[in-house]
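Trainee: Could we go through this one together, starting with the ligand and then moving outwards?

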Amino acid sequence: TKEFDGKTVIVTGAGSGIGAACAEQLAAAGARTVVADLNLSGAEAVVARIEAAGGMARAYAIDVSDPESVKAMVDFTLSSFGRLDGAVNNAGIGGPLKPLADYGLDEWKQVLDVNLNSVFYCMKYQIAAMLQTGGGAIVNMSSILGTNGFANASAYVATKHALVGMTKSAALEYSAKGIRVNAVGPGFIRTPLVENAMDEATLTGLAGLHPIGRLGASHEVANLTLFLLSDQASFITGSYHLVDGGYAAQ
Ligand code: NAD
């Protein structure tokens with residue numbers, strides 16, 4: 001038997017990068033996986049890879065910044081698989097790179113909607129579903145920038161800090177009801193999010209900020225995420241777990 005046999009897990013932002021790695025590893029470990037993304041063709045490509053490897057998954061088009069869309073995703077999961085055991089709330093955007101005072105009001109609000117309000121919507125409906133079947137586990141994708149600052153990314157940094165606090169509070173509220181909630185804080189990971197925002201010279205400079213001497217890989221974040229979702233982490237809730245190549249130790 002596999003670790004996630006009989007379990008259903010939603011991964012948002014699963015059409016690319018860290019979310020895709022989480023979805024593929026979860027399906028390989030036996031989970032029925034909902035691969036949710038704004039980019040449906042990206043999600044469908046991940047589902048095709050999962051099915052080719054013998055796993056079970058469904059693609060779902062979602063905008064995490066729209067509460068109706070999030071509610072529909074949870075309803076789709078329940079009607080497809082009958083239950084919800086786990087969730088990786090991972091969809092996110094970097095937002096514009098510029099000093100705080102140069103942010104437009106709409107630019108600021110968009111980053112908060114996609115990275116932060118989205119996780120409230122997700123947890124609101126996921127928790128309600130999990131309570132119907134006795135519990136579950138949630139991982140919210142924060143960042144090393146959930147504790148550290150980073151110049152020219154104030155909106156992003158604000159959302160990632162906020163996710164840590166929201167994670168702790170939700171964990172306190174639901175730990176006695178069988179739901180564990182944790183946050184993961186990746187260092188800089190080589191995904192389209194960072195590759196599209198920065199040139200190679202900047203990426204090389206960023207790699208040097210990690211004592212391990214390189215950027216991380218999506219599967220390294222997925223390894224930690226799966227552990228936190230699994231029953232092996234049965235006494236772990238309300239905490240923020242780094243996977244950062246030593247970045248925050250400096
Ligand atoms: P990515 O750009 O490769 O993947 C993000 C996915 O989210 C994309 O498929 C995108 O279509 C989807 N998405 C964006 N907006 C959406 C919306 N409104 N609704 C639904 N889906 C949406 O990025 P990634 O690097 O894999 O990032 C995943 C998460 O990890 C993000 O929350 C990011 O902040 C976090 N993170 C990334 C890094 C890094 O260095 N890459 C570091 C720390 C944290």
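Trainee: Which residues are closest to the ligand, and how many surround it?

Mentor: The ligand is surrounded by 29 residues, and the closest are Gly13, Gly17, Gly92, Thr191 and Leu193, where a residue is near a molecule if its C-beta atom, placed from the backbone, lies within 6 Å of it. Two elements give two or more residues to that shell, namely helix H1 (17-28) and helix H6 (192-197); helices (H or I, at least four residues) and strands (E, at least two) are DSSP runs, numbered from the N terminus.

Trainee: And what kind of model and numbering is this?

Mentor: This is a predicted model, in which local features need pLDDT of at least 70 and side-chain atom pairs count only at pLDDT 80 or more, whereas totals for chains, interfaces and linings use all residues. Residues are numbered from 1 along each chain as its sequence is written.

Trainee: How does the shell around the ligand split by class?

Mentor: The shell has 14 nonpolar, 13 polar and two charged residues, with Ala, Val, Leu, Ile, Met, Phe, Trp, Tyr, Cys and Pro counted as nonpolar, Asp, Glu, Lys and Arg as charged, and the others, Gly among them, as polar.

Trainee: Back to H1, how many of its residues are buried?

Mentor: In H1, 11 of the 12 residues are buried, including Gly17, Cys22, Ala23 and Glu24. A residue is buried if 20 or more other C-beta atoms lie within 10 Å of its own, exposed if 12 or fewer, and partly exposed in between, with C-beta atoms placed from the backbone. H1 reaches 17 Å from its first C-alpha to its last, close to the 16 Å expected, the expected span being 1.5 Å times one less than the number of residues.

Trainee: What does Ala23 touch further along the chain?

Mentor: Leaving aside neighbours within four places in sequence, Ala23 is in contact with Val11, Ala14, Thr33, Val35, Val46, Ile50 and Ala57, a contact meaning that the two C-beta atoms, placed from the backbone, lie within 7 Å. Ala23 is also among the residues with the most contacts inside the largest nonpolar core, which has 70 residues; such a core is a set of buried Ala, Val, Leu, Ile, Met, Phe, Trp, Tyr and Cys residues joined through C-beta atoms within 7 Å.

Trainee: Which element gives the most to that core?

Mentor: That is H4, with 10 residues. Helix H4 (105-132) is also among the elements that cover the buried residues of H5, together with strands E5 (136-141), E6 (179-186) and E7 (240-243).

Trainee: What about the length of H5?

Mentor: The 21 residues of H5 (residues 154-174) should span 30 Å at 1.5 Å a residue, and the end C-alpha atoms are 30 Å apart, which agrees.

Trainee: Anything odd in the loop before H5?

Mentor: Asn152, in the loop between E5 and H5, has a phi near 75°, a positive value in a residue other than glycine. Most residues other than glycine have a negative phi. Asn152 counts as partly exposed because 14 other C-beta atoms lie within 10 Å.

Trainee: And in E5, is Gly136 buried or exposed?

Mentor: Gly136, which lies in strand E5, counts as buried because it has 26 C-beta neighbours inside 10 Å. The C-alpha atoms of Gly136 and Arg180 are separated by 6.5 Å, although these residues are 44 residues apart along the chain.
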